[in-house]
Amino acid sequence: MKTEAASRAAGRVAPRTSTGFEYTFPAIRGVQAGREFYASMCPLRLIPKIFLFDEDDLSAELRAQRVLNKGRLPALARYIVDNPDDYVFSALTASVDGDMVFESQGDEGVAHRTGHLHIPMDARFLINDGQHRRAAIELALKENPDLGDETIAVVFFCDAGLARSQQMFADLNRHAVRPARSIGVLYDHRDPNAQIARALTEHSAVFKGFVEMEKSTLSARSRKMFTLSALYYGNQALLQGLELKQDEATDLARTFWETTDRLLPEWEQVRSRQLSAQEMRRDFIHSHGIALHALGRVVNTILRETTSAAKWKKRIAPLKGVNWSRANADWEGRAIVGGRVSKSHQNVTLTVNYLRQHLGLPLSPEEQRVEDAYLRGDA
């Protein structure tokens, strides 16, 4: 049987005959490109009931949305459930395949633009933007039904056929740009690791004044030594699985990086202006994100055995003998690929392996597999 979504390939499906029952939404009427649209609010409990996802068994050319990535949903739903007092979701955008009637409050001015939007209950609501938010809301409501009385903004457009819906999807996503990870860390006051990274940039002599807080890459002429995102991932790897209070984790991270600083003389040389940050990045890899991440992962293994400062400091002392110079042929294929530092998962693991060997630490089965592939020349 031919589905409605497939029928829309030839143009707009004729609106259904109304049953006489309708949804009524308080709304504001607007105009874009000569077309009316309506901004309103919708209770969360209605979202899974009235907003449909286009059939994902259709080929891409007959759909107006991407296929739902179900792997994203648990984290989105958990975000709502875990933060009921301060979660934020942006508006959904939907096309309505049905006769919408806007009843304004007056004939001119503001009153003409505000009023109530009437939509037949048998109309079809198709989400153009926000399908993952819609699915996450459905999951969150199953765990916490009390969220159902809260609202989300919805922008309604009249369904003008498949081609128009596809164009709306393309236009809505055309200029979407994910913010740099560093500024995400800078502005995230919920994530404990983000709080630790910011604390280090403010209070640690190693990092204060030498961390790029907004961008996740350093320009060739930057005077900064590290990016905030690199520090974040280094701390995340360092503290993974350790059951510490926030202040204990912050103190441990600060002690670790200050200890590491004494094992890497070039860091101090940059701070004392004996060496420029540009020269250090050009000639060494230990200020790059891959190095901070790898250092965190390696030392995390030791910290899982003991958090005694005297013991772990003694065990990481051999790091002073690591040759971090780009000229060291050992880094080629591990941290450097084709003359450029690589942050791929495989290269992080190979860098971790190299440091583990210097500290006399065994490799995990996965690390050994990656190492064997590298030694065979398969990496």
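Here are legends for several close-up views of this predicted model.

**View 1. Strand S1 has a partner strand in S6 and another in S2.**
Let's start with S1, which covers residues 22–32. S1 pairs with S6 (residues 114–120) in the antiparallel sense, and 7 bridges link the two. If you want one bridge to look for, find Thr24: its partner in S6 is His118. S1 also pairs with S2 (residues 35–43), again in the antiparallel sense, this time over 6 bridges. Here, pick out Gly30, which stands opposite Phe37 of S2. A handy thing to keep in mind while you look at strands: in a regular strand, side chains alternate between the two faces of the sheet.

**View 2. Ala33 sits in the hairpin of S1 and S2.**
Between the two strands of this hairpin there are 2 residues. Ala33 is found in that loop. What is the sign of phi at Ala33? Phi is positive there, about 50 degrees, although Ala33 is not a glycine. For background, most residues other than glycine have a negative phi. Is Ala33 buried or exposed? Its relative accessibility is 72%, so Ala33 counts as exposed, the cut-off being over 50%.

**View 3. Tyr38 is a buried residue of strand S2.**
Stay with S2 and look for Tyr38. With a relative accessible area of 6%, Tyr38 falls under the 20% cut-off and therefore counts as buried. Which residues touch Tyr38, once we leave aside its neighbours within four places in sequence? From the S1 stretch of the chain and beyond, the list runs Ala27, Ile28, Arg29, Met100, Phe102, Leu117, Val154, Val155 and Phe156. Phe102 is a nice one to trace: 64 residues separate Phe102 and Tyr38 in sequence, yet their C-alpha atoms are 8.6 Å apart in space.

**View 4. Cys42 and Cys158 are not joined by a disulfide.**How many disulfides does the structure hold? The count is 0. Cys42 is in no disulfide, and the nearest cysteine sulfur, that of Cys158, is 18 Å away. Cys158 is in no disulfide either, its nearest cysteine sulfur being that of Cys42. As a reminder, a disulfide is a covalent bond between the sulfur atoms of two cysteines. As for their surroundings, Cys42 has 0% relative accessibility, so Cys42 counts as buried. Cys158 comes out at 42%, so Cys158 counts as partly exposed.

**View 5. Helices H9 and H13 are roughly parallel.**
Now for some helices. Two packed helices are described by the angle between their axes and the distance between the axes. The axes of H9 (residues 228–239) and H13 (residues 289–303) come within 7 Å and cross at roughly 15 degrees. Angles under 35 degrees count as roughly parallel, which is why H9 is described that way relative to H13. The crossing is right-handed. On the H9 side, the contact is made by Ala230, Leu231, Tyr233, Gly234, Ala237, Leu238 and Leu239. On the H13 side, look for residues including Gly289, Leu292, His293, Gly296 and Arg297.

**View 6. Helices H9 and H10 are roughly perpendicular.**
Here is H9 again, now with H10 (residues 246–263). Their axes come within 11 Å and cross at roughly 110 degrees. That angle makes H9 roughly perpendicular to H10, because the label covers 65 to 115 degrees. Where do the two helices meet? Leu231, Gly234, Asn235, Leu238 and Leu239 in H9 meet Ala249, Leu252, Ala253, Phe256 and Trp257 in H10.

**View 7. Arg273 and Ala277 lie around the start of H12.**
Arg273 lies in the loop between H11 (265–271) and H12. Although Arg273 is not a glycine, its phi is positive, about 65 degrees. Its relative accessible area is 75%, so Arg273 is exposed. Ala277 lies in H12 itself, a helix of residues 277–283. Is Ala277 buried or exposed? Ala277 is buried, with a relative accessible area of 3%. Apart from neighbours within four places in sequence, Ala277 is in contact with Ser222, Arg223, Lys224, Met225 and Val270. You can also find Trp267, 10 residues away along the chain, with 8.6 Å between its C-alpha atom and that of Ala277.

**View 8. Asn353 is a buried residue in helix H15.**
Last stop: H15, residues 345–359, where Asn353 has its place. The relative accessible area of Asn353 is 0%, so Asn353 is buried. What does Asn353 touch, not counting residues up to four places away in sequence? Look for Arg334, Leu363, Glu367 and Glu371.

Methods
Residues are numbered from 1 along each chain as its sequence is written. This is a predicted model: local features need pLDDT of at least 70, side-chain atom pairs count only at pLDDT 80 or more; totals for chains, interfaces and linings use all residues. Side-chain values use heavy atoms; hydrogens and water are left out. Two strands pair if DSSP finds at least two bridges between them. Helices (H or I, at least four residues) and strands (E, at least two) are DSSP runs, numbered from the N terminus. A disulfide is a pair of cysteine sulfur atoms within 2.5 Å. Buried means under 20% relative accessible area, exposed over 50%, partly exposed in between (1.4 Å probe, protein chains only). Contact means heavy atoms within 4.5 Å. Axes are lines fitted to C-alpha atoms, for helices over the stretch in contact, and angles run from 0 to 180 degrees between N-to-C directions. Angles under 35 degrees count as roughly parallel, over 145 as roughly antiparallel, 65 to 115 as roughly perpendicular and the rest as oblique. A crossing is left-handed if the near helix is turned anticlockwise from the far one by less than a right angle, and right-handed if clockwise.
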